Amino acid sequence: MIAAASDAIWDNRGACGRKYEVKCTGATNQRDPHPCTGQESVVVTIVDYCPPGCQGTIDLSQEAFASIANPDAGKIKISFQSM
């Protein structure tokens, strides 16, 4: 499971290889008011940079996103912690 990091945690490439536990905490849009799947969390490894304009702190791969939320939601609220 992989993800990209925004400037908030990128740390001048220091985030590469770091693992984060990510939890879905809720919806960001009306399209899917209950996007979380019920799976507690997913552990991802940061492998890339999410360029300026990235609209989140962590951009999950499709596989990681789908493990904690409905992919049709497109965007979700998360909580995360470094491992």
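Modeller: A word on classes before we begin: Ala, Val, Leu, Ile, Met, Phe, Trp, Tyr, Cys and Pro count as nonpolar, Asp, Glu, Lys and Arg count as charged, and the others, Gly among them, count as polar. Please keep in mind that the structure above is a predicted model.

Colleague: With those classes in hand, how many residues of each class are in the lining of the largest pocket?

Modeller: The largest pocket holds about 390 Å³ of space. Its lining is made of 18 residues, and those closest to the centre of the pocket are Ile58, Asp59, Phe65, Gly74 and Lys75. Sorted by class, the lining has three charged, six polar and nine nonpolar residues.

Colleague: Which element gives the most to that lining of the largest pocket?

Modeller: At least two lining residues come from each of strand E4, helix H2 (62-68) and strand E5 (76-82). The element that gives the most, with four residues, is E5.

Colleague: Turning to the strands, which residue of E4 is the bridge partner of alanine 5?

Modeller: Strand E1 (residues 2-5) runs parallel to strand E3 (residues 42-49), to which four bridges join it, and in E3 alanine 5 stands opposite tyrosine 49. E1 is also joined by three bridges to strand E4 (residues 58-60), and here the two strands run antiparallel. On the E4 side, the bridge partner of alanine 5 is isoleucine 58.

Colleague: Which residues have the most contacts inside the largest nonpolar core?

Modeller: That core has 19 residues, and the elements that give two or more residues to it are E1, helix H1 (7-10), strand E2 (19-27), E3, E4 and H2. Leucine 60, for one, is in contact with Ile2, Ala3, Val22, Val44, Phe65 and Ile68, once its neighbours within four places in sequence are left aside. The residues with the most contacts inside the core are Val22, Val44, Leu60 and Ile68.

Colleague: Why does aspartate 11 count as partly exposed?

Modeller: Aspartate 11 is placed in the loop between H1 and E2, and its phi is positive, near 55°. Most residues other than glycine have a negative phi. As for accessibility, partly exposed covers what lies between under 20% and over 50% relative accessible area, and aspartate 11 counts as partly exposed because its relative accessibility is 46%.

Colleague: And what is the relative accessible area of arginine 13?

Modeller: Arginine 13 also lies in the loop between H1 and E2, and its phi is positive, about 75°, although it is not a glycine. Exposed means over 50% relative accessible area, and arginine 13 is exposed, because its relative accessible area is 65%.

Methods
Residues numbered from 1 in each chain as written. Predicted model: local features only at pLDDT ≥ 70, side-chain atom pairs only at ≥ 80, totals over all residues. Heavy atoms only, no water. Pairing = 2+ DSSP bridges. 1 Å grid on protein atoms, 1.4 Å probe; cavity = no way out; pocket = protein on both sides within 12 Å on 5 of 7 lines; lining within 4 Å. Points joined across faces, edges and corners; volume = space filled by probe spheres on them. Core = buried A, V, L, I, M, F, W, Y, C linked by side-chain atoms within 4.5 Å. Buried < 20%, exposed > 50% of the residue type's maximum accessible area, 1.4 Å probe, protein only. Contact = heavy atoms within 4.5 Å.
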